[in-house]
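Me: I have a model open and want to go through some contacts and pairings. Can you take short questions as I go?
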Amino acid sequence: MRERLQKVLSAAGVTSRRTAEKMILEGRISVNGEVVRELGTKADPELDEIRVDGSLISTEVSRVYVMLYKPRGYVTTLKDPEGRPIVRDLLGDIVERIFPVGRLDYDSEGLLLLTNDGDFAQRLQHPKFKMPKRYLVKVRGGITAKDVAAVEKGVKLEDGMFKPVEFKVEDRNPRSTWVYVTIHEGRNRVIRRFFEELGHPVARLVRVGIGEIDLGDLKEGSYRHLKKWEIKKLGQY
């Protein structure tokens, strides 16, 4: 059956639909020897020869769902032109091509999901599903009543207003404060920019949960496969 090319690539576990669209526009996809650059192009994975960067894709894919404790100092990509460590380096015995669901920036750590199920990844990242992401954030200085009042109103950033879904002070000392934050948004470095606007630069940022899935006792740099109930729960959003 002929389907949009980005859907075929997603179903084959090559990448998410959004990234597949970018790859098409970049001329990295060919169908039956012809480079495709139009997003509306359709193909039949059973009949057509579909290649990504010259490599033939396979439609017989075993679905893989992984949670990783990403350490600081790793890039959430599968390739880095600057030669920095990438999260793929931590997935030693996984032979399938899996890709990150969303991002954690270089200086952040914690729960990162990876999969070769493009539809699953797309659902988790699409804004309309409002997937909650939970963080523990250590910031410089003490959070004051004035700061809390500002948070309740929302803070104006360069790309619009931002207000966490949940904001709770967990621990504090004279020099720093640990804050529990839940957000739905996926704007670039939005938590760091939010606290900088409040006058409390982030010293450490740990993602501890996505949806109803928690980091738990997973060690830094380690990973495990998601359990069936976890996959089901995430798919319900």
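Me: Which residues does Ile210 touch, leaving out those up to four places away in sequence?
Reply: This is a predicted model. In it, Ile210 touches Leu111, Leu113, Met131, Pro132, Arg134 and Leu234, with residues up to four places away in sequence not counted.

Me: Where is Ile210 placed, and is Ile210 buried or exposed?
Reply: Ile210 is in strand β15, residues 202–210. Ile210 counts as buried because its relative accessibility is 5%, and the cut-off for buried is under 20%.

Me: How far is Ile210 from Arg17?
Reply: The C-alpha atoms of Ile210 and Arg17 are 21 Å apart in space, and the two residues are 193 apart in sequence.

Me: Leu234 was one of the contacts. Which residues of its helix, α6, are buried?
Reply: In α6, residues 228–235, the buried residues are Glu230, Ile231 and Leu234. These cover an arc of only 100° around the axis, so they sit on the same side of α6.

Me: And what is exposed on the other side of α6?
Reply: Lys228 and Lys232 are exposed there.

Me: Why would residues three or four places apart point the same way?
Reply: Because an α-helix has 3.6 residues a turn.

Me: What do the buried residues of α6 pack against?
Reply: They pack against β7 (65–70), β9 (109–115), α3 (118–125), β15, β16 (213–214) and β17 (223–225).

Me: Take β9. How many of its residues are buried?
Reply: Seven of the seven, so β9 is largely enclosed by the rest of the structure.

Me: Which way do β7 and β9 run, parallel or antiparallel? Same question for β9 and β15.
Reply: β7 and β9 run antiparallel, joined by six bridges. β9 and β15 run parallel, with two bridges joining them. Strand β8, residues 99–100, also pairs with β9, in the antiparallel sense over two bridges.

Me: What stands opposite Leu114 of β9?
Reply: Val66 stands opposite Leu114, and Pro100 stands opposite Leu114 as well.

Me: Which residue of β15 is the bridge partner of Glu109?
Reply: Val206. The side chain of Glu109 also meets that of Arg204 in a salt bridge, at 2.9 Å, N to O. That pair links distant parts of the chain, with Arg204 in β15 and Glu109 in β9, 95 residues apart.

Me: Buried or exposed, that pair?
Reply: Glu109 is buried, with a relative accessible area of 0%. Arg204 is partly exposed, at 28%.

Me: How many salt bridges does the count come to?
Reply: The count comes to 19. Among the residues involved, Asp159, Glu185, Arg187 and Arg193 are linked in a network of salt bridges.

Key. Residues are numbered from 1 along each chain as its sequence is written. This is a predicted model: local features need pLDDT of at least 70, side-chain atom pairs count only at pLDDT 80 or more; totals for chains, interfaces and linings use all residues. Side-chain values use heavy atoms; hydrogens and water are left out. Helices (H or I, at least four residues) and strands (E, at least two) are DSSP runs, numbered from the N terminus. Buried means under 20% relative accessible area, exposed over 50%, partly exposed in between (1.4 Å probe, protein chains only). Contact means heavy atoms within 4.5 Å. The arc is that of the directions from the helix axis to the C-beta atoms. Two strands pair if DSSP finds at least two bridges between them. A salt bridge is a side-chain nitrogen of Lys or Arg within 4 Å of a carboxyl oxygen of Asp or Glu.
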